[in-house]
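Reader: Before we discuss any details, could you put the model on display, so that the questions can be taken one at a time?

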Amino acid sequence: MRVLVNGLQRTLLVALALTPWLLSMYTFYWLDASGTWTRDTPHRGKLSVVLLAFGMVLSFLLSGYLARRHRR
């Protein structure tokens with residue numbers, strides 16, 4: 001039973017850590033689907049990379065924080 005709780009807790013921590021990255025991906029999708037970003041948007045490629053990288057960095061930092069907190 002303890003193994004199941006540890007596995008569930010670990011899964012929830014990973015899901016929580018991935019949230020910023022998933023939100024940045026959804027934001028990118030929403031901007032594209034709503035027509036806010038078109039092919040003519042200046043620097044669209046650069047902004048896409050920055051948006052996705054920002055979400056990935058936040059997820060990395062949150063994952064590190066949660067891992068340190070979980071070890072205590």
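Reader: Among contacts in the chain between residues at least 6 apart in sequence, what share joins residues at least 24 apart?

Author: This is a predicted model, and its chain holds two helices and zero strands. One pair that is distant in sequence is Leu22 and Ser59, which are 37 residues apart along the chain and 9.0 Å apart in space, C-alpha to C-alpha. For contacts between residues at least 6 apart in sequence, the share that joins residues at least 24 apart is 72%.

Reader: What radius of gyration does the chain have, set against that of a compact globule of 72 residues?

Author: Taken along the principal axes, the box filled by the C-alpha atoms is roughly 55 × 20 × 10 Å. A compact globule of 72 residues would have a radius of gyration near 11 Å, whereas the value for this chain is 17 Å.

Reader: Which side chains meet in a salt bridge?

Author: The count comes to one salt bridge, with an N to O distance of 2.9 Å. One partner lies in helix H1 and the other in helix H2 (residues 44–71), so the pair ties together parts that are 12 residues apart in sequence. The side chains are those of Asp32 and Arg44.

Reader: Is Leu22 buried, partly exposed or exposed?

Author: Leu22 is found in helix H1, which spans residues 2–33. Buried would require under 20% relative accessible area and exposed over 50%; because the relative accessible area of Leu22 is 46%, this residue is partly exposed.

Conventions:
Residues numbered from 1 in each chain as written. Predicted model: local features only at pLDDT ≥ 70, side-chain atom pairs only at ≥ 80, totals over all residues. Heavy atoms only, no water. Helix = DSSP H or I, 4+ residues; strand = E, 2+ residues; numbered from the N terminus. Buried < 20%, exposed > 50% of the residue type's maximum accessible area, 1.4 Å probe, protein only. Salt bridge = Lys/Arg side-chain N within 4 Å of Asp/Glu carboxyl O. Rg over C-alpha atoms; globule rule 2.2 N^0.38 Å. Contact = heavy atoms within 4.5 Å.
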